[in-house]
Amino acid sequence: MKYRKALVRAASVGIAWMLLCCGCAGKRNAAQEQEIQSQETVNQQPNAQRKDVQENVQPSPEMLEEDWSAYFDGLSGAAVLYDASAMQYRIYHKKLALTRRPPCSTFKIISALIALEYGILDPAHSTRTWSGEEFWNAAWNQDLTFDKAFRESCVWYFRQVADEIGQELMQKELDRLMYGNCDISDWEGRLNTNNQNRALTGFWLESSLAVSPKEQAEAMERIFGANSVYKEKTRQELKKVMQVEQAYTDATIYGKTGTGMAGGIVVDAWFTGFAEKAGRQVFFCIYLGQTDGKEVTSAAAKEIAVRLVGDLL
């Protein structure tokens, strides 16, 4: 009798287990069937439609490495020329061109862009009052307009502009622009050991924000290129203050210099911008790093840019 009851219980458990397994298998097969049907639906799309999807995938720009050492005359540096319409980069000293460094005063392009775009800065009413503090650059010791402050690269003026933009909007716009590491965490620029005057420091001056020469050129394309999302008025106001006076080429060149120091030595010198000629645009960045036995200046970076763009565009 006990043996018969044990058999009944075993059979009951076996049947229950089989039902449970079948149920699980049924659910799993249904899910698999749904996935298969979904894939079949994709596969059954017209060939033309699938071809359209494939064709919408944009190819990566071509990257050509160049020997432009003659332009640099022994200076350690990098050059990037980006022709977006031709989907082509031309790069000198690739490793350095991909290395991020503080943007220094080239960042005035970005802060001016944001301030103009959001109405924080109105060029027609842009005079800011000098505090009376004597700065090392005599050109800064006066009331300044946007145009004058940009051309004289006045730090105190753009320190005020950055503060009026504010951290939240600044972060949002740098993220949208994909500008280097987008790091504004050292907002006041306390990491900059060259200067303790907070009127003359900021996250863009030998501090938390860093960008590579290649990323600088790409940022110029996003601002001034054919697919720019920024207002035409904003871009025209920027072009007015960025235009370079030069007689080397008939191309119109726009740009901004930048210089960074450490221990009294120039360690970063920039000139970044773009050039236009006969409807064609080329976006560029020249970077110079510390070079033993050579004077490193943003003026030298600017001269290299003008000659290089003039010869190649």
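The legends below describe close-up views of a predicted model of the protein.

**View 1. Overview of the predicted fold, which comprises 11 helices and 6 strands.** Of the 313 residues in the protein, 45% are buried, and the protein exposes about 16800 Å², of which 51% is supplied by carbon and sulfur atoms. When contacts between residues at least 6 apart in sequence are considered, 63% of them join residues at least 24 apart.

**View 2. The open sheet, in which 6 strands follow the order β1-β3-β2-β6-β5-β4.** The pairing within this sheet is mixed. Strands β1 (62-65) and β4 (252-262) stand at the edges and have a single partner strand each, so one side of each is left without a neighbour in the sheet. From one strand to the next, the twist averages 15 degrees. At the β1 edge, β1 pairs with β3 (residues 88-92) in the parallel sense over 4 bridges, and M63 has Y89 of β3 as its bridge partner.

**View 3. Strand β2, with 7 of its 7 residues buried.** The side chains divide between two directions: G77, A79, L81 and D83 point one way from the strand, while A78, V80 and Y82 point the other way, and all are buried. On β6, β2 finds an antiparallel partner, the two being paired over 6 bridges, and here Y82 has F283 of β6 as its bridge partner. Strand β3 also runs antiparallel to β2, and 5 bridges join these two strands, with A79 standing opposite Y92 in β3. The strands β2 and β3 form a hairpin with 4 residues between them, and M87 in the turn has a positive phi of about 50 degrees.

**View 4. Surroundings of R90, a residue of strand β3.** With a relative accessible area of 24%, R90 is partly exposed, because that value lies between the limits of under 20% for buried and over 50% for exposed residues. Leaving aside its neighbours within four places in sequence, R90 is in contact with L64, E66, W68, A79, V80, L81 and L312. The C-alpha atoms of R90 and K214 are separated by 10.0 Å, although these residues are 124 residues apart along the chain.

**View 5. Helix α11 (residues 298-312) against the sheet.** This helix lies across β2 (77-83), β3, β4, β5 (265-277) and β6 (280-289). Relative to β6, helix α11 runs at about 145 degrees.

**View 6. Helix α10 (residues 232-242) and the elements around its buried residues.** The buried residues of α10 are T234, R235, E237, L238, K239, V241 and M242, a list that includes the charged residues R235, E237 and K239. These buried residues pack against the helices α5 (108-117), α6 (146-151) and α9 (213-224), and also against the strands β4 and β5.

**View 7. Aromatic pairs and the rings of Y157 and F158.** A search of the whole structure finds 19 aromatic pairs. In the pair formed by Y157 and F158, the ring centres are 5.4 Å apart and the planes stand at 55 degrees, so the pair is tilted. Both Y157 and F158 are buried. The ring of Y157 also has the charged end of R128 sitting over it, 5.2 Å from the ring centre. Elsewhere, the charged end of K256 sits over the ring of F150, at 5.9 Å from the centre of that ring.

**View 8. An aromatic cluster and the approach of D163 to one of its members, W187.** Ring pairs link F107, Y179, W187, F203 and W204 into a cluster. D163, which lies in helix α7 (residues 155-165), is 24 residues from W187 in sequence, and the C-alpha atoms of the two residues are 9.0 Å apart in space. D163 has a relative accessibility of 42% and therefore counts as partly exposed.

Conventions:
Residues numbered from 1 in each chain as written. Predicted model: local features only at pLDDT ≥ 70, side-chain atom pairs only at ≥ 80, totals over all residues. Heavy atoms only, no water. Buried < 20%, exposed > 50% of the residue type's maximum accessible area, 1.4 Å probe, protein only. Contact = heavy atoms within 4.5 Å. Areas by Shrake-Rupley, 256 points an atom, 1.4 Å probe, with all protein chains shown as cover. Pairing = 2+ DSSP bridges. Axes fitted to C-alpha atoms, helices over the stretch in contact; angles between N-to-C directions. Phe/Tyr/Trp six-rings, centres within 6.5 Å; stacked < 30°, edge-to-face > 60°. Lys NZ or Arg CZ within 6 Å of the ring centre and 35° of its normal.
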